[in-house]
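I wanted to look up how the strands are paired in this complex, and how far the prediction can be trusted along the way. My entries follow the order in which I checked things.

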Amino acid sequence: MEAEIRNRPAFANIRVTLKQGDRLIAESGAMASMSSTVEMSTRFNGGFFSGVLRRVFGGESLFINEFTTRSSGEIVLTQPTPGDIECIELKGNTLYLQPGAFIACDPTVSLGMGWAGFASFIGGEGLFRLKVSGQGRVWFGAYGGIFAREIEGEYVVDSGHLIAYEPSIHLRAGMAGGIFSSFFGGEGLVTRVTGPGRIYMQSRSIEGLAAWTNAHLW
Amino acid sequence: MTSELQFDITQRPDFALLTVQLQKGQKIFAEPSAMASMSNGIRLKAGFKGGWKKTLGRALGGESLIINTFTAEKAGEVTFAPGCPGDTVHYQLDMSTLYLQRGAFMVHSEGVELSGKWGGAKGFFSGKGLVLLKASGTGDLFFNSYGALIEMNVEDEYIVDTGYVVAFEESLDYDVTTVPGMSTGGKIKSFFFGGEGLVVRFRGEGRIWIQSRAVNPFLNWVFPFRPVQKQS
Amino acid sequence: MNFKIDCRPAAAVLNLSLDPGETITCEVGAMIAMTAGITVETTSHKRGKGGLLKGLKRMFAGENFFLNHFTARHDNQTLMLGPQLMGDIVHHDLDGTLIVQGSSWLASDEGVELDASFQGLGKAIFSGESVFWLKCSGRGDLFLSSFGAIYEVDVDGEFTVDTGHIVAFEDTLDFRIGKASRSLIGSFLGGEGLVCKFSGTGKLYCQSHNPPSFGQMLGPKLRAR
């Protein structure tokens with residue numbers, strides 16, 4: 001199954017060419033356009049109850065879509081925000097994603113929703129994380145540009161900027177500075193990540209955009 | 001004079017990210033909430049830089065009263081990004097002055113002084129007018145745009161909608177006015193319907209920086225998506 | 001009219017050079033910068049037609065449809081225009097009719113007639129926001145903007161697009177609003193909402209990103225109105 005990430009990095013989208021027998025798993029709402037020969041079916045993402053919890057807390061929809069074709073066809077997948085898309089090839093390893101970052105994957109990849117822990121929640125990164133593992137390609141996106149850091153020791157990430165991390169990374173919630181500085185200084189709570197391992201960040205955050213917008217509203 | 005600060009601007013031009021490498025003891029000053037990530041050995045302190053007089057000036061300039069100081073207790077990096085999509089650019093001040101519109105300022109090094117300057121906008125109806133910060137001294141300045149950052153040389157006269165002005169050099173004369181070539185009926189309608197109510201007319205010679213997107217049209221677009229206030 | 005589109009594909013601006021007497025029409029709020037020898041006239045909907053009331057209704061519904069007509073009075077006049085959202089701008093040489101998604105119309109010259117009462121596609125109810133469609137007809141320069149990258153599809157047969165991704169299409173195409181998947185439940189819960197199935201032959205402009213999806217993600221985090 002051929003896939004190409006186009007229009008990087010500002011408005012990245014994925015053009016996938018499907019042939020008979022190919023299956024593409026994608027986040028609901030990701031389809032922008034498709035040939036009339038491509039069929040879409042919707043199914044539950046994992047178990048029903050965990051799905052309900054996800055819907056209420058995780059913000060990720062209950063459903064994912066599966067695209068197939070009886071002959072051949074093309075589909076363009078996108079994400080709600082402008083920004084870059086990255087493709088990672090899993091070879092038996094695991095990666096944790098912010099639920100909203102997931103766009104699509106090969107059917108051989110396992111998707112599971114996991115509990116991210118209160119540290120993640122307090123640090124502004126959400127209660128849940130999506131665990132992707134197995135073999136195959138995963139496409140995830142960001143609001144903004146994607147940049148990575150190899151962490152040794154500790155590193156501080158402002159809330160809303162962390163999009164993915166390896167399982168060896170440990171998260172801890174913290175303040176950006178002292179109490180006065182953290183809140184007056186506008187940084188508030190942050191996530192302190194401890195390595196060794198790799199983290200992926202985005203160069204903008206929806207929270208940052210909302211704060212900028214709100215500052216201009218009267 | 002070249003910068004003593006080690007920095008890199010990546011993810012340009014649409015989601016620019018500023019990464020500054022600080023040596024032990026080095027300081028950098030930033031707009032609140034601009035920090036995206038930082039190494040463990042960097043200490044953040046919020047404060048009122050420059051004392052009360054300068055602080056009030058900054059309040060009139062539209063920037064918040066607070067300036068964040070990042071000091072490297074151990075060498076490390078800090079990354080900065082604004083809330084809106086767009087570009088970030090480095091400007092070297094060398095015993096010189098640059099005027100910036102509110103919201104454009106992000107980071108400056110030691111040696112740079114920021115103060116507010118009321119741009120003399122006509123009327124508050126447009127909501128913004130032209131509210132400026134003055135950056136002067138010798139050092140590094142980093143400012144942002146919403147959208148692309150376009151640098152232009154003004155040679156005689158040029159008109160820019162107030163929402164799109166990012167920065168301009170001191171050598172230019174400017175005044176804030178309604179669109180000069182607009183008929184009266186048009187002026188009144190435009191004023192109320194969120195259009196080109198106010199523009200800046202630049203005269204003389206000097207550089208200006210304008211941005212390719214503005215917050216007011218974005219607010220108009222986002223309006224229907226905002227939560228509705230519940231009537232109690 | 002000479003034009004140049006810069007800062008593509010994500011923060012595009014339209015740079016126009018106008019000869020004396022040349023006029024370009026765009027939505028109020030689109031002007032970024034200009035030289036001093038240009039005059040502006042504001043009308044609602046279309047010059048002489050439509051009236052103030054229709055425009056007011058649109059404004060409170062969150063859609064401004066007031067037009068500015070910029071005319072050069074001297075030589076060497078330039079005008080820079082930009083749309084509301086991040087994204088691209090494309091030029092279309094109009095000779096016929098193009099149906100344009102309301103917020104994707106950026107500017108057009110006097111040869112292009114604008115009709116904002118086109119109801120053919122109805123309202124995209126499921127995507128939570130009503131969209132208005134502009135029928136552009138005649139001969140002239142037409143400039144479209146997009147949220148995202150613009151891609152053109154030469155439809156010959158059938159093609160499916162999520163309604164939020166349509167920028168413009170030639171009126172030679174037939175279209176049908178439908179569900180993305182075979183079952184209605186699947187479609188609605190699958191998040192695709194309504195899709196537009198085009199058939200026939202004609203040009204279709206699509207955008208890579210969906211303004212209502214972005215608005216619905218950002219909206220809840222904003223101050224109430």
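I began with strand 13 (residues 157-161) of chain B, which is joined to strand 16 (residues 199-203) of chain B by five bridges, the two running antiparallel; strands here are DSSP runs (E, at least two residues) numbered from the N terminus, and two strands pair if DSSP finds at least two bridges between them. Within this pair I found Asp161(B) opposite Val199(B) of strand 16 of chain B.

For my notes, this is a predicted model, in which local features need pLDDT of at least 70 and side-chain atom pairs count only at pLDDT 80 or more, while totals for chains, interfaces and linings use all residues. Residues are numbered from 1 along each chain as its sequence is written, and chains are lettered from A and ligands numbered from 1 in the order in which they are written.

I then followed the sheet outward: seven strands form an open sheet with antiparallel pairing, in the order 15(B)-16(B)-13(B)-4(C)-8(C)-2(C)-1(C). Strand 15 (173-177) of chain B and strand 1 (2-6) of chain C stand at the edges with a single partner strand each, so one side of each has no neighbour in the sheet.

Turning to confidence, I noted a mean pLDDT (the predictor's confidence in each residue, from 0 to 100) of 82 for chain C, with 77% of its residues at 70 or more. Among the elements of chain C, strand 2 (residues 13-18) has the highest mean, 97, and strand 6 (residues 49-50) the lowest, 38. For the complex, I recorded the predictor's ipTM of 0.86 and pTM of 0.87.

Key:
Helix = DSSP H or I, 4+ residues; strand = E, 2+ residues; numbered from the N terminus.
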